[in-house]
Amino acid sequence: MKVSLRSRAAPHGVAAQRGGTSSPAPLAPAGEPQLAAYAGFLQAMLPQQDKLIAPHRLGGERVWLKKAGPRHGMARYRLLGLVAGIFRLDLLRPVPNPGGEAAIAIEARRLRQLADAGLRVPRVLAQQAEGLLISDLGESGMGAQMLQECLEQAAAAGPAPLLAAWRDGLEAIARVHAGGAYLSQAFARNLVLCPDGVIGYIDFEDDPRETLSLAECQARDWLSYLHSTAALVHAAAPHAAGTHWHGVLAQGASDAVRERIAMAAQRMRWLRRLPRSRRWGRDTQRVRSAARLLARWYGPDGAQQLATSY
């Protein structure tokens, strides 16, 4: 069973990269004959594909084709949007996905920007107004694994493996921010563990920088990751997780970002009292868990007590 990102990552994992290696090995660019093949494949397959996104085999390579689709609804983020509106927390407000050709253009642009920053994202292999062909983050017959799956597997093995995997996710976000960049929806499902141990990033159909400041975008990344993982962390080791949280943010977040997170923590305190019942929905439970952790970590004495632990 896969339970530790660090065991798979050595010696090229996220933790190791904090030493002498400043960036993961880049994915090899394609030559001109390959680019022509990718463009031809996209042109031929785009009208044939029914799904908005689907994997394909092109020779011995796995690729993904994304089609322009309708604008995504905000229903799945309704609670976060409500919280953002009530507490004047724009950094939590869901960013509209424009859908259609605009979403394709945004994703292609953002993937290229993040790749130019030395981050592990899918390569843009071919682009048309109505669709995008991108590489798979797996290699040598091995697939990439969503960090959410890694965390769930690690949680089954105990608090220590969970915390190690969870901290790797924090450090992956800090790595993005260190270069002045930001993600989009930094949920654990959009961080993926590549076969060589490097954590990559997917899903960029919207751009929060169009409506938010850089500090707000980066604070949003941290809070999105916490929102998607808080239930697991709170059930396993909330105090130790707080030590990791403050430790990574102390080194990987600017003062402006930490101030915005602290403000969000204070404004969200009452949400820790949301109903426990699962009949209120999974998103309610995630918001409740995140609010409980933030209240604990940013309470009157919480941050000071945690600060002495690292």
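Hi everyone, let's begin with helix 8, which covers residues 214-236. Helix 8 has 23 residues and spans 32 Å from its first C-alpha to its last, close to the 33 Å expected at 1.5 Å a residue. Please keep in mind that this is a predicted model.

Now follow helix 8 along on your screen. Where is the kink in helix 8 centred? The kink is centred on Thr229, and its angle is about 60°.

Let's stay in helix 8 for a moment, because I want to show you Trp222, which is found there. Is Trp222 buried or exposed? Its relative accessibility is 0%, and anything under 20% counts as buried, so Trp222 is buried.

What does Trp222 touch, if we skip residues up to four places away in sequence? The list is Leu170, Ile173, Ala174, His177, Trp245, Val248, Leu249, Gly252, Ala253, Val257 and Ile261. Take Ile173 from that list: Trp222 and Ile173 are 49 residues apart in sequence, yet their C-alpha atoms are 7.4 Å apart in space.

That brings us to the core. The largest nonpolar core in this model has 58 residues. Which of its residues touch the most other members? They are Trp166, Tyr201, Trp222, Leu226, Trp245 and Ile261. The biggest contribution to this core comes from helix 7, residues 159-178, which gives 9 residues. Apart from that core lies another one, of 10 residues, including Leu65, Leu125, Ala126 and Leu133. As background, nonpolar side chains tend to be buried together in soluble globular proteins.

Let's move to helix 7 itself. Helix 7 has 20 residues and reaches 28 Å between its first and last C-alpha, close to the expected 28 Å. Why can we call helix 7 largely enclosed by the rest of the structure? Because 15 of its 20 residues are buried. Just after helix 7 comes Gly180, with a positive phi of about 75°.

One residue of helix 7 deserves a closer look, and that is His177. With a relative accessibility of 8%, His177 counts as buried, because the limit is under 20%. Setting aside neighbours within four places in sequence, His177 is in contact with Tyr182, Gln218, Asp221, Trp222 and Gly252. You will remember Trp222 from helix 8.

There is a second histidine to find, His246, in helix 9, which runs over residues 238-252. His246 is buried too, with a relative accessible area of 11%. If you look from His246 to Tyr298, you move 52 residues along the chain, while the C-alpha atoms are separated by 9.9 Å.

Now for the strands. What is the strand order in the open sheet of 3 strands? The order is 5-6-7, and the pairing is antiparallel. Strand 5 (145-146) and strand 7 (199-201) each have a single partner strand, so they stand at the edges, and one side of each is left without a neighbour in the sheet. Strand 6, residues 191-193, pairs with strand 7 over 3 bridges. Within that pair, Val192 stands opposite Gly200 of strand 7.

Elsewhere, strand 3 (residues 124-128) and strand 4 (residues 131-135) run antiparallel and are joined by 4 bridges. How many residues does the hairpin use to join strand 3 to strand 4? The hairpin uses 2 residues. If you would like a bridge to look for, Gln127 has Leu132 in strand 4 as its partner.

Between strand 7 and helix 8 there is a loop, and Asp203 sits in it. Asp203 has a positive phi, near 75°, and it is a residue other than glycine. Asp203 is partly exposed, with a relative accessible area of 25%.

Let me finish with the whole chain. Its secondary structure comes to 12 helices and 7 strands. Of the 310 residues in the chain, 49% are buried. Among contacts between residues at least 6 apart in sequence, 70% join residues at least 24 apart. The chain exposes about 14400 Å², and carbon and sulfur atoms supply 53% of that area.

Thanks for listening, and do go and find Trp222 in helix 8 for yourselves.

Methods:
Residues numbered from 1 in each chain as written. Predicted model: local features only at pLDDT ≥ 70, side-chain atom pairs only at ≥ 80, totals over all residues. Heavy atoms only, no water. Buried < 20%, exposed > 50% of the residue type's maximum accessible area, 1.4 Å probe, protein only. Contact = heavy atoms within 4.5 Å. Areas by Shrake-Rupley, 256 points an atom, 1.4 Å probe, with all protein chains shown as cover. Expected span 1.5 Å × (residues − 1). Bend = angle between axes of the 7 residues up to and from the residue. Core = buried A, V, L, I, M, F, W, Y, C linked by side-chain atoms within 4.5 Å. Pairing = 2+ DSSP bridges.
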